[in-house]
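Me: I would like to learn how to read the side-chain packing of a protein model, one feature at a time. Could we go through it together?

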Amino acid sequence: MDSYKHRPSSAFNSPFWTANSGAPIWNNNSSLTVGPRGPILLEDYHLVEKLANFDRERIPERVVHARGASAKGFFEVTHDISQLTCADFLRAPGVQTPVIVRFSTVIHERGSPETLRDPRGFAVKFYTREGNFDLVGNNFPVFFIRDGMKFPDMVHALKPNPKSHIQENWRILDFFSHHPESLHMFTFLFDDLGVPQDYRHMEGSGVNTYTLINKAGKAHYVKFHWKPTCGVKCLLEEEAIKVGGSNHSHATQDLYDSIAAGNYPEWKLFIQTIDPDHEQRFDFDPLDVTKTWPEDILPLQPVGRLVLIRTLTTSLLKMNSLHFALLLWFLEFTIQMTSYSRLVSSPTLIPRGTG
């Protein structure tokens with residue numbers, strides 16, 4: 001019997017119910033019980049997940065990345081990297097996978113202007129035949145901190161003062177003055193890149209170092225990079241004030257208008273790789289999230305293209321319940337402390353629909 005005969009092309013359009021993770025659900029009408037009359041088993045994760053989703057249908061605002069816009073499309077492999085990974089959706093050039101992408105600002109609330117100087121989120125969910133694969137990143141290739149223990153404190157420093165609801169520079173500088181590793185991130189934030197013109201003209205980065213595993217079990221460190229085909233464009237401070245004053249949703253409108261007009265946004269995916277056996281050859285730590293990998297010695301390798309072709313039909317519900325957290329077996333986190341913190345933190349937000 002062909003084990004692939006009844007396999008869906010992806011978890012995105014499967015002919016049966018799926019869990020949040022993309023795993024198939026074979027019975028959506030009955031709970032798991034010890035006998036015909038019960039009791040119900042706590043191991044019935046579908047029942048627990050279904051009730052949790054129902055209980056939380058009114059979704060609270062995200063702590064970070066509350067302001068965002070989403071669109072659907074596809075990812076197409078253009079270059080063979082099967083020597084690096086056994087991932088099914090990367091198996092050969094020409095393979096297409098449905099995706100949904102969420103762009104966002106980080107610090108401010110859901111109704112805030114999209115022209116504020118702030119990192120931008122760039123999260124991609126791949127609906128593969130092996131389950132959902134989330135590549136969650138930002139528009140900058142580095143991050144403020146190395147240790148996820150500091151993340152809540154960092155966000156609290158960047159958030160508006162809880163007394164006045166005003167973002168205050170002294171609170172930000174007071175915190176980061178104790179963490180000099182954040183300086184690299186600030187060079188990006190206060191560059192022109194700190195205020196992208198819109199989401200279409202914005203780069204993306206996986207930020208963390210991941211591990212790709214090939215069929216032979218060989219691992220390689222990898223960094224992911226998204227490059228817009230229409231180029232990178234940003235707003236100067238004066239332009240941002242003018243644009244934000246006339247339309248606080250300008251980036252979302254640009255994304256939706258471009259797709260409606262058939263001018264589909266597109267990004268190229270590139271990777272950088274390092275053999276873990278050779279990491280001692282470099283004068284930087286490949287697992288340090290506050291550092292970039294020099295492209296002159298670790299060049300970008302093309303992988304594929306991402307194209308967004310339609311917007312969400314029920315934007316508020318779908319966009320705000322869209323969560324990113326899970327990994328698949330063909331890709332692993334490294335021992336980066338921020339990686340493990342994200343691995344623990346993100347799933348705890350899923351029942352609230354805010355990961």
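Reply: What follows goes from the overall make-up of the chain to its aromatic pairs, its cores, one helix and its salt bridges.

Me: Where does one begin, and how many helices and strands does the protein have?

Reply: It is best to begin with the kind of model, and this one is predicted. The protein has eight helices and 10 strands, and of its 355 residues 49% count as buried. Its accessible surface comes to about 17,900 Å², with 57% of that belonging to carbon and sulfur atoms. Among contacts between residues at least 6 apart in sequence, 73% join residues at least 24 apart.

Me: How do I read an aromatic pair, and how many are there in the structure?

Reply: Two things are read together, the distance between ring centres and the angle between ring planes, with planes over 60 degrees apart counting as edge-to-face and under 30 as stacked. The structure holds 22 aromatic pairs. In one of them, Phe 75 and Phe 126 have ring centres 5.5 Å apart and planes at 85°, so this pair is edge-to-face. Phe 75 belongs to strand S1 (residues 68–77) and Phe 126 to strand S3 (residues 120–128), so the pair ties together parts that lie 51 residues apart in sequence. Phe 75 is buried, its relative accessible area being 0%, and Phe 126, at 1%, counts as buried too.

Me: Why is the pair of Phe 103 and Trp 267 called tilted?

Reply: The ring centres of Phe 103 and Trp 267 are 5.5 Å apart and their planes stand at 35°, so the pair is tilted, given that angles between the stacked and edge-to-face limits of 30 and 60 degrees are classed that way. Phe 103 sits in strand S2 (residues 96–105) and Trp 267 in strand S8 (residues 266–274), so this pair ties together parts 164 residues apart in sequence. Both residues are buried. Ring pairs also link Phe 75, Phe 89, Phe 103, Phe 122, Phe 126, Phe 133, Tyr 199, Trp 226 and Trp 267 into a cluster.

Me: Which residues have the most contacts inside the largest nonpolar core?

Reply: That core has 34 residues, and those with the most contacts inside it are Phe 75, Phe 103, Phe 122, Phe 126, Trp 226, Leu 306 and Leu 308. Strand S1 gives the most to this core, with four residues. A second, separate core has 21 residues, including Met 154, Ala 157, Phe 176 and Val 207. To see the surroundings of a single residue, one can list its contacts: leaving aside residues up to four places away in sequence, Phe 103 touches Arg 67, Gly 68, Ala 69, Gly 121, Phe 122, Tyr 199, Met 202, Leu 255, Trp 267 and Leu 308.

Me: How should I read a helix, and which residues of helix H6 are buried?

Reply: An α-helix has 3.6 residues a turn, so residues three or four places apart point the same way. In helix H6 (residues 250–260) the buried residues are His 250, Ala 251, Thr 252, Leu 255, Ser 258 and Ile 259. These buried residues pack against S1, S2, helix H5 (237–246) and strand S9 (301–311). Just after H6, Gly 262 takes a positive phi of about 85°.

Me: Turning to charged side chains, how many salt bridges are found, and is Asp 88 buried or exposed?

Reply: A search of the whole structure finds 15 salt bridges. For each, it helps to read the distance, the places in the chain and the burial of both partners. Asp 88 forms a salt bridge with Arg 129, the closest N and O atoms being 2.8 Å apart. Asp 88 is in the loop between S1 and S2, while Arg 129 is in the loop between S3 and strand S4 (131–138), so the pair ties together parts 41 residues apart in sequence. Asp 88 is buried, with a relative accessible area of 12%, whereas Arg 129, at 27%, is partly exposed.

Me: Where do the partners Asp 288 and Arg 146 lie?

Reply: Their side chains meet in a salt bridge of 3.0 Å, N to O. Asp 288 lies in the loop between S8 and S9 and Arg 146 in the loop between S4 and helix H2 (151–158), so parts 142 residues apart in sequence are tied together. Asp 288 counts as buried at 9% relative accessibility, and Arg 146 as partly exposed at 34%.

How values were computed:
Residues are numbered from 1 along each chain as its sequence is written. This is a predicted model: local features need pLDDT of at least 70, side-chain atom pairs count only at pLDDT 80 or more; totals for chains, interfaces and linings use all residues. Side-chain values use heavy atoms; hydrogens and water are left out. Rings of Phe, Tyr and Trp (its six-membered ring) pair if their centres lie within 6.5 Å; planes under 30 degrees apart count as stacked, over 60 as edge-to-face and the rest as tilted. Helices (H or I, at least four residues) and strands (E, at least two) are DSSP runs, numbered from the N terminus. Buried means under 20% relative accessible area, exposed over 50%, partly exposed in between (1.4 Å probe, protein chains only). A nonpolar core is a set of buried Ala, Val, Leu, Ile, Met, Phe, Trp, Tyr and Cys residues joined through side-chain atoms within 4.5 Å. Contact means heavy atoms within 4.5 Å. A salt bridge is a side-chain nitrogen of Lys or Arg within 4 Å of a carboxyl oxygen of Asp or Glu. Accessible areas come from the Shrake-Rupley method with a 1.4 Å probe; for residues, only the protein chains shown count as cover.
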